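I opened this notebook to record what I looked up in one protein model. The entries follow the order in which I consulted the structure.

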Amino acid sequence: MSPSAHVSTDVSAAPVPGPGSPPTPPPAAGGVVELLREAAQAGPLTALRIGERPFVLATGPDQTQEILAKRPEVYVKHGHRARPLLGDGLISASGDAWKRQRKLLQGRFTVAGTRRWAHHITAAAERIAARWEAAAGAGGQVDIGRDMRFFALDTIWRTLTGTPLDETTERELEAVDTVVASLPTLAGARPEPALAVDEALAQIDTTAHRVIGLARARRADARPGGPPHLLDLLLDTAETRPEYTDGLIRDELVTLLVAGHETTAQTLCWLFVLLDRHPDVHDRFLTAYAAADGPAARDTLLGALVQETLRLYPAVWLVPRHAARDDVLDGLPIDAGTSVLACPYLTHRIPELWPDPERFDPARFLPGGHRPHHPAAFQPFGVGARACLGQHFALQEMLTLLRLLLPAHRPRLTSPPRGAVFGANLRPDGPVRGTLTAVRA
């Protein structure tokens, strides 16, 4: 394979319109991933066109690291597909605003910072474990997709507000899924929002401003003791920093809600899908887990399951950047204004890095397992300064829930997903439902 290549390819969709042009539909998500998969065969850095737009696709770890970690001043965040939902929150912010916003929050999501939320994570996990115990005694029917979403949303809601997620708020926040499902695969390709999306955005605004108002009222009655929850932190900051308006607090609240549950919920769904597809792997895991010597050894086994799931189905499967100026990368000229795409989904499937890449093999991530050590060969949470702020939080969430569920229950899927949806995130196509059987000790 050459280090870089030029490919002229199109998909069956109209070009993305310029300013003032009427909106046109984006390429179908399945068409985009197949196009990128084909382009990646030419090399780790490939120039291509989608419609009339120039793109560069990076799948090699060296090239990805250059774009995302080593040269962020050249390959910048430029707008965001989810801006209608996230506004000026941390994920869609850029420049100095992004630096200030990240600095405010990052201490709460380090390994040490995540410990302050451990009781919230545990309480949310125990809620789902009790739900599964009750379901097992009543025929064993579970909606895994809904339960994983509820767990992840409950966890981040507790972290934001200090209170458990109630059913009314859960129903209101279904609007988040409506908006996320409407987002395009590629930035700049969003059609005019449908009425359902407009209504969903309005519902999200109503819920966000209601909880902000309730938090302000609570604080006015009696200032809370102990470390503040995340919404308290934002409201405290607003007292001394005028840029933290109600609008920005809303945007950060919604950003934390979306980022704090989407990746976790989708990864847990995929994990149960993969275990159902590969009962032999599930059998080996249960045998090893029962024989493991202590909590650390058991967590190592659980962590390997999670990491291999993230390798095959990284929720953030495509990471767009914008060339801020003309550049040459790995011998390939890149014009200013070109959209540059890093693709963890394809990087995680390079055979030279991951032998037999389509095989579900958690042993890759166990001690002595064969996995590449390049920092950009495995990037489910991104690499560089804009890597996911909440990755330690998400991993702790998943381990906490799986400690309770996997040793006790073995779901058999009665409604497996039809495949994968490659949209703004990578999610199962269809519901994930099953029946529970008890794991024999």
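I take a residue as buried when its relative accessible area is under 20%, as exposed when that area is over 50%, and as partly exposed in between, using a 1.4 Å probe and protein chains only. I note that this is a predicted model, in which local features need pLDDT of at least 70 and side-chain atom pairs count only at pLDDT 80 or more, while totals for chains, interfaces and linings use all residues. Residues are numbered from 1 along each chain as its sequence is written, and side-chain values use heavy atoms, with hydrogens and water left out.

**Entry 1: Thr 169**

I looked up Thr 169 and found that its relative accessible area is 2%, so Thr 169 counts as buried. Thr 169 belongs to helix α8; helices (H or I, at least four residues) and strands (E, at least two) are DSSP runs, numbered from the N terminus. I then listed its contacts, a contact being heavy atoms within 4.5 Å. Leaving out residues up to four places away in sequence, Thr 169 touches Trp 157, Thr 207 and Arg 210.

**Entry 2: the chain as a whole**

I counted 16 helices and 13 strands in the protein chain. Of its 441 residues, 52% are buried. Among contacts with a separation of 6 or more, 70% come from residues 24 or more positions apart.

**Entry 3: nonpolar cores**

I define a nonpolar core as a set of buried Ala, Val, Leu, Ile, Met, Phe, Trp, Tyr and Cys residues joined through side-chain atoms within 4.5 Å. The largest has 115 residues, and Leu 36, Leu 57, Leu 85, Trp 132, Met 148 and Trp 317 have the most contacts inside it. Helix α12 (residues 246-277) is its largest contributor, with 15 residues. A second, separate core has 17 residues, among them Leu 45, Ile 67, Ala 376 and Val 383.

I followed Trp 317 further. Beyond its neighbours within four places in sequence, its contacts include Val 32, Val 33, Leu 36, Pro 344, Tyr 345 and Phe 422.

**Entry 4: Pro 344**

I turned next to Pro 344, which lies in helix α15 (residues 344-347). Its relative accessibility is 0%, so Pro 344 counts as buried. The C-alpha atoms of Pro 344 and Leu 318 are separated by 6.4 Å, although these residues are 26 apart along the chain. Not counting residues up to four places away in sequence, Pro 344 touches Pro 314, Val 316, Trp 317, Leu 318, Val 319 and Gln 379.

**Entry 5: helix α9**

Which residues of helix α9 (residues 174-182) are buried? I found Ala 175, Val 176, Val 179 and Val 180. Seen down the axis of α9, these residues fall within an arc of 135 degrees, so they line one face of the helix; the arc is that of the directions from the helix axis to the C-beta atoms. The elements covering them include α3 (83-86), α8 (167-172), α10 and α12.

**Entry 6: a cavity and a pocket**

On a 1 Å grid over the protein atoms alone, a cavity is a set of points where a 1.4 Å probe fits but cannot get out; a pocket is an open set with protein on both sides within 12 Å along at least five of seven lines; lining residues have an atom within 4 Å of a point. Grid points are joined across faces, edges and corners, and a volume is the space filled by probe spheres set on the points.

I obtained 2 cavities of 30 Å³ or more. The second largest holds about 40 Å³ and is lined by Leu 173, Val 176, Ile 204, Thr 207, Ala 208, Val 254 and Leu 257. Helix α10 gives the most to this lining, with 3 residues.

The second largest pocket has a volume of about 410 Å³. Its lining has 19 residues, of which Gly 145, Gln 266, Arg 427, Pro 428 and Gly 430 are the closest to its centre. Helix α12 gives the most to the pocket lining, with 5 residues.

**Entry 7: positive phi values**

I noted that phi of Asp 330 is near 55 degrees, a positive value in a residue other than glycine. Asp 330 sits in the loop between β7 (327-329) and β8 (332-334) and is partly exposed, at 34% relative accessibility.
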